[in-house]
Every structure is written in structure tokens, then in C-alpha cells.
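Student: Could you take me through one part of this model closely, beginning at a single position and following the packing outward from there? I would like one connected account.

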Amino acid sequence: MSLKNPQNTKNTDSRQLAQLTRQQLKELEEKEKTSWQKALDWMIMVFPFVCGIIAVAEYWMIPNGSPNKNPYTYVGFLAILIAAYLIYFAFSVVKKLMGDKSVLDMLRYRAPLLSALFLLLAGYDYLTLKTGVLTQPFVPCLNYIINIAWVDRAYLLECTLHTLRLLFLGYFIGVALGLVTGITCGYSEKVRYWVNPIIKFLGPIPTSTWIPIVMVVASSLFKGAVFIIALGSWFAVTVASMTGISNVDKDFFDAARTLGASSRQLVFRVAIPHAMPSILQGCTQAMSSACVAIMIAEMMGVKAGLGWYMNWAKSWAAYDKMFAALFVICFIFTVVTKALDLIKKRVLRWQNGVVK
């Protein structure tokens, strides 16, 4: 007969609790849902499919108020969205049957937004193609936009690649310089004494203000646009990095020095890791600033890119092309922002990882 030590049992339970993630703890703390709540959750998750059918029915059954060439394009677009949601729904159900509720919970969270998206598409089509409340061709219907985007896809792709090259080149240059400036200023009071007045001088000036000057002074429009994007990114990252490192508790540095840490270790092992949330937030703000700067630069001077394409389409009253470029811009910036959020979650996974 073996006797268990209560102290050992308590330590084992503590270690097991420490290994639980926040998601697992949330599941343990959740109250059991009633039958009505469970049924409501399933209805909410099915509702995007219903809204998708409503959008198809609105487009197909209500008479058009203006001519509509190649009408099947928009129906195909809606069918792709509905099919993608059904696949997502089936995958989440399979994962739940396998014991993983996280995918289904995420679907439940996103379902109202997806339902609103289908209803928004139906409402936009009704206001443009069906009733003309939003006057065409100044505000074209989605079928027009999708068709012209497919017809002009080669030119749109070329402009998209130019915009991405300009965006990432200026962004990464600005982020790299901003990290160096911000970390140095945050760690060294002497450097901050000389650099801080420059930051305070440049900070209140909007990035767009520099565009007419840079476009005249720069040797090429492309280099001038890169400088404008890099300038806005540099300022956002510099301020965030300097603030984050300046706010690191001095006791951490004292403890590290007591353990024999060198100046390099104080920067890379103490200062930067503790300031990483602020640094990544600055990188996100820098991308937002870069997106605004690139659109203004392309519309005002650069002879390529999506911003230039929109300005060119407007001058020829090709409003369907202008809206097609606008949707491509929104899609690109959404993807880039989402990628930055994923990087931030990955780097800061200790914030949402194992509970200690």
C-alpha cells in the first residue's frame, strides 16, 4: 500500500495549472450553456449562409435599373464567398468533434461580421444597379467593378507590384533607421538630448507637407516617394521605441549589472525585450503612415502604382476602374495589417501563452 504525500500532490497540481493556456482556463471557467443558448449559437453561425443566399436572390430577382453586361460575374463572386464560408463551417465542426472548440468559437465570433458583409453587398447592389440611388457610372455596381478588374488585370497587377515595391522599400528603411534612433535615444540620455529636439520639430509636421518639396529636390520621383514613406515610418518607430525603452524599470538594469551584464547585454537582453510591445506598436503605426504617404505620393507625382492608376482613371471618367483600384488598395492594406498583427502575436506569444 503506497501513501501519497499531500505536499507532492499539491505541487503536481500547481505545475499542471501553470501549464494551462489562457484558452484552456477560459474553457474551464465558462458556465455550461443552456439549450437555447446553444441553439442561438448555431443559428448565428448558419446566418451568414442565409445572408449569402439573400444577396444572390436580391441580385438575380430584382429588376435592374440600368444595363448590366456579363451578369454572371457577380454571382460567381458571391458563390465563392458562400462556398468558402461553408468549407470553414465544416472544418470547424470537424475540429469540434475531434475535441478542439477554438475554431468553432472563432467562427461564432466572426459570423455576425460575415452576415453583415453579405447584407452590405446586397444593399450596395440595390442602391446602385437596382434603384440608381447611388448614380451610375459615378458609383458603379460591384458587377461592373469585378468585370473591369478582370479585363484590366494585367495593368492592375503591374501597378500593384509597383506600389508594393515602393511601400516596403520605404517602410523597411524607415523602420530600420527608427529602431536604431529610438533604441539609442531611449537607452542613452546624451543621445536623446541632441535628437529629441529634431523629433519634436519634425513630429507635428504631416508627412504630406513634405511631398511638394521632396518632389522638387529629389533626383527622381521614385526616390522622393521612398524618402517620404521612410520619414513617416522613421518617426513612428523612433518615438515608440524611445518611449518603450525609457519606461523600462531601472531595477532591471541594476539587477543585470549586478549579475555582470555588459552594456550590449543590457540593450539586447533587458531593454529591447521589455520594450518590444511598444516597438511593435510603433511598427504598426508606421505601416499606417506609410500607406497614407504612398497614396498621396503616387497621386501627386509618381507615374506608376495604384494611386496613380486611380488618378488616371478619374481623369478619363473611368469610375469603374477607379473603384477597382480602390478595392485592391483596401485588400492589400488589410492583408499587410493582418500580417503585422500575426507577427506581433508571434513575437509577444508570452502574453497569451502559458500561464505562470
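**From a loop residue to the helices around it**

Tutor: Ala-317, at 44% relative accessibility, counts as partly exposed because the value falls between the 20% limit for buried and the 50% limit for exposed. The model is a predicted one, and what follows should be read with that in mind. Ala-317 has a positive phi of about 60°, although this residue is not a glycine, and its place is the loop between helix H13, residues 306–315, and H14.

Following the chain out of that loop brings us to helix H14, residues 319–347, which packs with helix H7, residues 153–187, at an angle of about 40° and with the two axes 11 Å apart. The crossing of H7 and H14 is right-handed. On the H7 side, the residues that make the contact are Leu-156, Thr-160, Leu-164, Leu-167, Phe-168 and Tyr-171, and they meet Ala-324, Ala-325, Val-328, Ile-332, Phe-333, Val-336 and Leu-340 of H14. In composition, this contact of H7 with H14 has 12 nonpolar residues, one polar residue and no charged residue. Elsewhere in H7's residue range, Cys-185 has a relative accessible area of 0% and is therefore buried. Cys-283 is likewise buried, at 11%, and a search of the whole structure finds zero disulfides.

H14 is also among the partners of helix H6, whose buried residues pack against H3, H4, helix H5 (102–130) and H14. Helix H6 itself covers residues 142–151, and Leu-142, Asn-143, Ile-145, Asn-147 and Ile-148 are its buried positions.

Through H6 we therefore arrive at H3 and H4, since both of these helices are packed against by its buried residues. In the loop between H3 and H4 lies Asn-70, which, although not a glycine, has a positive phi of about 50°.

The aromatic residues of this region deserve a careful look. The structure holds 15 aromatic pairs in its count. One of them joins Tyr-59 and Tyr-74 in an edge-to-face arrangement, with 4.8 Å from centre to centre and 70° between the planes. This pair links distant parts of the chain, for Tyr-59 belongs to helix H3 (residues 35–61) and Tyr-74 to helix H4 (residues 72–97), 15 residues apart. Tyr-59 is buried, at 4% relative accessibility, and Tyr-74 is buried as well, at 0%. Tyr-74 also pairs with Phe-77: the ring centres are 6.4 Å apart and the planes stand at 25°, so this pair is stacked. Because Tyr-74 and Phe-77 are three residues apart in helix H4, about one helical turn separates them. Phe-77, with a relative accessible area of 31%, is partly exposed, whereas its partner Tyr-74 is buried. Tyr-59, Tyr-74 and Phe-77 are members of one aromatic cluster, which includes Trp-60 and Tyr-72 too.

To retrace the route, we began at Ala-317 in the loop between H13 and H14, went through the packing of H14 with H7, passed by way of the buried residues of H6 to H3 and H4, and ended at the aromatic cluster that contains Tyr-59 and Tyr-74.

Methods. Residues numbered from 1 in each chain as written. Predicted model: local features only at pLDDT ≥ 70, side-chain atom pairs only at ≥ 80, totals over all residues. Heavy atoms only, no water. Disulfide = S-S within 2.5 Å. Buried < 20%, exposed > 50% of the residue type's maximum accessible area, 1.4 Å probe, protein only. Axes fitted to C-alpha atoms, helices over the stretch in contact; angles between N-to-C directions. Helix = DSSP H or I, 4+ residues; strand = E, 2+ residues; numbered from the N terminus. Left-handed = near helix turned anticlockwise from the far one by under 90°. Contact = heavy atoms within 4.5 Å. Nonpolar A, V, L, I, M, F, W, Y, C, P; charged D, E, K, R; others polar. Phe/Tyr/Trp six-rings, centres within 6.5 Å; stacked < 30°, edge-to-face > 60°.
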